[in-house]
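Visitor: I have a new structure in front of me and would like to learn how to read it. Could you walk me through it?

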Amino acid sequence: PSSQESQRRGHRDLKKINDRVRELVFHNATKTVRLMFQDEAGFGRINKPKYCWCENGIRPAVPCHHIREYRYVYGAVEPLTGESCFWVMPQCDTNCMNVYLEELSKQFPDDIILLCCDGAAWHKSKALRIPNNIELILIPPYTPEMNPIEQIWKELRKMGFRNEVFATLEKVVLRLCDTICDLTADTIRSITGRSWIINCFN
């Protein structure tokens, strides 16, 4: 689709999200309604060289390898508060998505979660088990700007995976977990807190 078509579709879906948030807030006055954005990202032993500092006149050498072993992070962030839920999974499929949704529901058992995610097959599978306190809303294709968790993956890579190789996949997972733990609510809020999201609650 053209950029103009994507933009028009994006505007329609922004309104749909905004309207649905207001409906949920109106009909659940005694509960907290959370607008969260979900996605998955692969982290593994394959890496890409990144910019780094060095002395003037010296061309830096950084380690690099291409071993294709991965684990996948399922994540959801709430831009309004900086709250988040991350789980490391072996693959991207419906079974893992079901596990993730169950854990997300357990983390916020008394709240209503409007969970925005892309149109990946495992997000709309007939075998998907969606907990009672979670409602999925799919973001249209070619509109990554509507899913601010994309910027969180970039932040995690910058924080923990710059110009380094890992001897085993287990060490990748350990670094990934440590980096996620270092990600503060303030950082998540500052990266993902776009005005159109905050305005849904005003």
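Guide: Here is a short tour, from the whole chain down to single residues. Please keep in mind that this is a predicted model.

Visitor: Let's begin with the overall make-up. How many helices and strands does the chain have?

Guide: The secondary structure comes to six helices and five strands. Read from the N terminus on, the elements run α-β-β-β-α-β-β-α-α-α-α.

Visitor: How do the strands fit together, and in what order do they stand in the sheet?

Guide: The five strands form an open sheet with the order S3-S2-S1-S4-S5, and the pairing is mixed. S3 and strand S5 (134-138) are at the edges with a single partner strand each, so one side of each has no neighbour in the sheet. On average, neighbouring strands of this sheet are turned by 25° against each other, direction ignored.

Visitor: Which way do S4 and S5 pair, parallel or antiparallel?

Guide: Strand S4 (residues 112-117) pairs with S5 in the parallel sense, over five bridges. To find this pair on screen, look for Cys117, which stands opposite Leu138 in S5.

Visitor: Which strands does helix H3 lie across?

Guide: Helix H3 (residues 149-160) lies across strand S1 (33-44), S2 and S3. The helix runs at about 45° to S1.

Visitor: Now the surface and the interior. What share of the residues is buried?

Guide: A residue counts as buried when its relative accessible area is under 20%. Buried residues make up 41% of the 202 residues in the chain. The accessible surface comes to about 11500 Å², and 52% of that belongs to carbon and sulfur atoms.

Visitor: Let's try one residue. Is Ser105 buried or exposed?

Guide: Ser105 has 14% relative accessibility, so this residue counts as buried. Its place is in helix H2 (residues 94-107). Not counting residues up to four places away in sequence, Ser105 touches Pro131, Asn133 and Ile134.

Visitor: And where does Gly82 lie?

Guide: Gly82 lies in the loop between strand S2 (70-77) and strand S3 (84-89). Gly82 counts as buried because its relative accessibility is 4%.

Visitor: What does Gly82 contact, leaving aside its neighbours within four places in sequence?

Guide: Gly82 is in contact with Ala185, Ile188 and Arg189. Gly82 and Ser190 are 108 residues apart in sequence, yet their C-alpha atoms are 8.2 Å apart in space. For the chain as a whole, take the contacts between residues at least 6 apart in sequence: 69% of them join residues at least 24 apart.

How values were computed
Residues numbered from 1 in each chain as written. Predicted model: local features only at pLDDT ≥ 70, side-chain atom pairs only at ≥ 80, totals over all residues. Heavy atoms only, no water. Helix = DSSP H or I, 4+ residues; strand = E, 2+ residues; numbered from the N terminus. Buried < 20%, exposed > 50% of the residue type's maximum accessible area, 1.4 Å probe, protein only. Contact = heavy atoms within 4.5 Å. Areas by Shrake-Rupley, 256 points an atom, 1.4 Å probe, with all protein chains shown as cover. Pairing = 2+ DSSP bridges. Axes fitted to C-alpha atoms, helices over the stretch in contact; angles between N-to-C directions.
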